[in-house]
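Here's a quick tour of one chain, meant to be read with the viewer open. Have a look around first, then come back for the details.

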Amino acid sequence: MTQEEKYMKEAIKQAKKAAVIGDVPIGCVIVEDDKIIARAYNQRNKKKTTLAHAELLAIQKASKKVNDWRLEDCTMYITLEPCQMCAGAIVQARIPKVVIGAMNPKAGCAGSVLNILQIDKFNHQVEIERGILEEECSQMLSDFFKELRRRKKGDKEHGKD
């Protein structure tokens, strides 16, 4: 198992925590000096705020741990390609490398819709590694949305619209 796979497995564990509480299963870990310094999972529904994305929560924890907003010696591992808000935060935090599980063709901003992480006019660009444990990351999301649709269909059939 590569280092990338090892840490992506940890991000997947975080994503599964999100699924348990009914949030979209997206997980994130931030690593510095071969040690995880922050773990987080998507909590948008739980916290009722769009700001509770896994990446933002992990950046907050990591910044607290290193006592700096700059995370210049860290690598972020995320199960799903970041959105525009999270990609912007990654650039702002000066994270040098992001390792991504699955890409997000509808909203991803590390190459799918846009590539905010590598805009040369910004004062920081991020190295991107894509497709680490991609199948597992994609399947987790597919299963979550399949179950969500199944439940919604069941609710409609039972008059719980």
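What follows goes through the sheet, a helix, a glycine and a pocket.

## The model and its annotation

Keep in mind that this is a predicted model. The UniProt record, an unreviewed entry, carries the annotation "domain: CMP/dCMP-type deaminase" for residues 2–114. Over that stretch, the chain is 39% helix and 23% strand, and the C-alpha atoms at the two ends sit 28 Å apart.

## The sheet

Five strands make up an open sheet, and reading across you get β2-β1-β3-β4-β5, with mixed pairing. The edges belong to β2 (35–41) and β5 (127–129); each has a single partner strand, so one side of each is left without a neighbour in the sheet. Going from one strand to the next, the twist averages 20°.

As a general point, strands of a sheet pair through backbone hydrogen bonds, either parallel or antiparallel. For β1 (residues 27–32) and β2, the sense is antiparallel, and the pairing runs over six bridges. If you want a spot to check by eye, find G27, which stands opposite Y41 in β2.

## Helix α4 and what it packs on

Which residues of helix α4 (residues 84–92) are buried? They are C86, A87, A89, I90 and V91. The buried residues of α4 pack against one helix, α3 (54–66), and against the strands β3 (74–80) and β4 (97–102).

Just past the end of α4, take a look at R94: its phi is positive, at about 65°.

## G101 in strand β4

G101 has its place in strand β4. Is G101 buried or exposed? With a relative accessible area of 0%, G101 counts as buried, because the cut-off for that is under 20%.

Setting aside neighbours within four places in sequence, G101 is in contact with M8, I78, T79, G131, I132, E134 and C137. K146, for its part, is 45 residues away from G101 in sequence and 19 Å away in space, C-alpha to C-alpha.

## The largest pocket

The largest pocket has a volume of about 510 Å³. Its lining takes in 21 residues, and those nearest the centre are V24, I26, L80, N104 and L141.

Where does the lining come from, element by element? Two or more residues each come from α3 and α5 (134–157). Of the elements, α5 gives the most to the lining of this pocket, with four residues. Helix α3 thus turns up twice on this tour: in the lining of the largest pocket, and as a packing partner for the buried residues of α4.

Key:
Residues are numbered from 1 along each chain as its sequence is written. This is a predicted model: local features need pLDDT of at least 70, side-chain atom pairs count only at pLDDT 80 or more; totals for chains, interfaces and linings use all residues. Side-chain values use heavy atoms; hydrogens and water are left out. Two strands pair if DSSP finds at least two bridges between them. Axes are lines fitted to C-alpha atoms, for helices over the stretch in contact, and angles run from 0 to 180 degrees between N-to-C directions. UniProt positions are given in the numbering used here, feature names are shortened, and annotations may be inferred rather than shown by experiment. Buried means under 20% relative accessible area, exposed over 50%, partly exposed in between (1.4 Å probe, protein chains only). Contact means heavy atoms within 4.5 Å. On a 1 Å grid over the protein atoms alone, a cavity is a set of points where a 1.4 Å probe fits but cannot get out, and a pocket is an open set with protein on both sides within 12 Å along at least five of seven lines; lining residues have an atom within 4 Å of a point. Grid points are joined across faces, edges and corners, and a volume is the space filled by probe spheres set on the points.
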